[in-house]
Amino acid sequence: MNKNYYAILMAGGVGSRFWPVSTQDFPKQFHDMLGTGETLIQKTFQRLSKLIPKENIFILTNARYNNLVFEQLPEVTSRQVVLEPAMRNTAPCILYASLKIQKENPDAVMIVAPSDHWIEDEQAFTENVQQAFNFCAQNKALMTLGITPTFPNTGYGYIEYDKAVTETIKPVNQFREKPDYETAKQFIAQGNFLWNAGIFMWSVKSVIEAFKTNQPNLYALFEKGMAAYNTNAETAFIEAHYAEAENISVDYAIMESSQNVYVIPATFDWNDLGTWGSLYDKLDKDTANNAVVNAKTLTEDATGNMIRAPKGKVVVVDGINDYIIVDKEEVLLIFPKAKEQDIKKVLQSVKDKFGDNLG
């Protein structure tokens, strides 16, 4: 395997739309959401390790999940776990990890990948990443993998690429915010728009130069710690200064303002597993079109439901259609799939009424 290949596996999110299974203390990336026997972070780590040496896969997560990482990925060492002492979106943590990697290997080429995506065609994924790595090793480029839209989704950002370019690697014209439905239909009709999956590739030199150019204050904050990175002094520096970082995404920080951005339309299947509805779409269905994880079910006049319960628990459903039904310890959620985006608000209401320990 190429020792210059690195990965930053992003595993710090809370995944509140998957409540009550996903909570602040035990978020979705550490759960076996599909009932396959592997958690999402375990599946992502194994996928990345087909191209990248396992010792070069860095897990970027919040300090509160440190123990969960080591429990689920016992092969990683403390060198590979990069802890955020405060939540500051994706740009600060990616810059921090990139500076650590640069200090270790200035010739590194890397991928930034979320820990909660579901990809079945892992061979196609590996081929796309290899293609991007080859390009990034030879060019000063910031790259992303875009997903060909299958319907006018209003929940994703979009990437507009130069439709005049026939090569697989395409220059990006611009990133577009999450659109309304009519705008999303226009994007798809134009034929040169992709969903932004939040998967990025670049050389460590290119990404750090982009931060230095576009985010000089953020760069200066973390560059001050270069002497401490990868030493015993690192933790003290990060704990003292990390919270000073601006709360900003890597898209806003460097991708939208850089001129050397490219995209590869992905050739693999993809699901971001962001909501119970997206999980429902991914799972096999029974004869009544219900998706079931772990539970034993008896259904009557019940179709289109997402049902999840502890392994072996019997769930009887009669006369309910298109609902999310999730049983987890002290919480039972019965909620319309059509309103799944409101689960975040419901969680806050539950916390307000019954206490933070439920979320």
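These notes walk through side-chain contacts, one helix and one surface patch in a predicted model.

1. **Aromatic pairs.** The count of aromatic pairs comes to 18. One of them joins Phe 151 and Trp 195. Their ring centres are 5.5 Å apart, and the planes meet at 75 degrees. That makes the pair edge-to-face, because planes over 60 degrees apart fall in that class.

2. **Where that pair sits.** Phe 151 is in the loop between strand 5 (142–147) and strand 6 (158–161). Trp 195 belongs to strand 8 (residues 193–203). The two are 44 residues apart, so the pair links distant parts of the chain. Is each ring buried or exposed? Phe 151 is partly exposed, at 43% relative accessible area. Trp 195 is buried, at 4%.

3. **A second edge-to-face pair.** Tyr 229 and Phe 237 also pair edge-to-face. Here the centres are 6.0 Å apart and the planes 80 degrees. Tyr 229 is buried, with 0% relative accessibility. Phe 237 is buried as well, at 12%.

4. **An aromatic cluster.** Tyr 229 and Phe 237 belong to a cluster linked by ring pairs. Its other members are Tyr 96, Phe 222 and Tyr 242. Tyr 96 is also one of the buried residues of helix 3.

5. **Helix 3.** This helix covers residues 90–104. What span should its 15 residues have? At 1.5 Å a residue, the expected value is 21 Å. The end C-alpha atoms are 21 Å apart, which agrees. Eleven of the 15 residues are buried, so helix 3 is largely enclosed by the rest of the structure. Among them are Cys 93, Ile 94, Leu 95 and Lys 100.

6. **Charges over a ring.** Which lysines lie over the ring of Tyr 280? Lys 285 lies over its face, 4.6 Å from the ring centre. Lys 337 places its charged end over the ring too, 3.4 Å from the centre.

7. **Salt bridges at helix 6.** The structure holds 20 salt bridges. In one of them, Lys 205 meets Asp 107, with the closest N and O atoms 3.7 Å apart. Lys 205 is in helix 6 (residues 204–214), and Asp 107 is in the loop between helix 3 and strand 4 (109–114). The bridge therefore ties together parts that are 98 residues apart in sequence. Lys 205 is partly exposed at 49%, and Asp 107 is partly exposed at 45%.

8. **Another bridge from helix 6.** Glu 209 forms a salt bridge with Lys 140, the closest N and O atoms being 3.1 Å apart. Glu 209 is in helix 6, while Lys 140 is in the loop between helix 4 (122–138) and strand 5. They are 69 residues apart. Glu 209 is partly exposed, at 37%.

9. **A bridge at helix 10.** Lys 282 and Asp 269 form a salt bridge, with the closest N and O atoms 3.4 Å apart. Lys 282 lies in helix 10 (residues 276–282). Asp 269 is in the loop between strand 9 (261–265) and helix 10, so the bridge ties together parts 13 residues apart in sequence. Asp 269 is partly exposed, at 26%.

10. **A salt-bridge network.** Shared partners join several salt bridges into one network. Its members are Glu 38, Lys 43, Arg 47, Lys 50 and Glu 122.

11. **A nonpolar surface patch.** Leu 298, Val 314 and Val 316 form this patch. Together they have about 310 Å² of accessible area. Val 314 lies in strand 13 (residues 314–318). Val 314 counts as exposed, at 56% relative accessibility.

How values were computed. Residues are numbered from 1 along each chain as its sequence is written. This is a predicted model: local features need pLDDT of at least 70, side-chain atom pairs count only at pLDDT 80 or more; totals for chains, interfaces and linings use all residues. Side-chain values use heavy atoms; hydrogens and water are left out. Rings of Phe, Tyr and Trp (its six-membered ring) pair if their centres lie within 6.5 Å; planes under 30 degrees apart count as stacked, over 60 as edge-to-face and the rest as tilted. Helices (H or I, at least four residues) and strands (E, at least two) are DSSP runs, numbered from the N terminus. Buried means under 20% relative accessible area, exposed over 50%, partly exposed in between (1.4 Å probe, protein chains only). A charge sits over a ring if NZ of Lys or CZ of Arg is within 6 Å of the ring centre and within 35 degrees of the ring normal. Patches are made of residues with over 30% relative accessible area and no salt bridge: like charges are joined within 9 Å, nonpolar side chains (Val, Leu, Ile, Met, Phe, Trp, Tyr) within 5 Å. Accessible areas come from the Shrake-Rupley method with a 1.4 Å probe; for residues, only the protein chains shown count as cover. A salt bridge is a side-chain nitrogen of Lys or Arg within 4 Å of a carboxyl oxygen of Asp or Glu. The expected span of a helix is 1.5 Å times one less than its number of residues.
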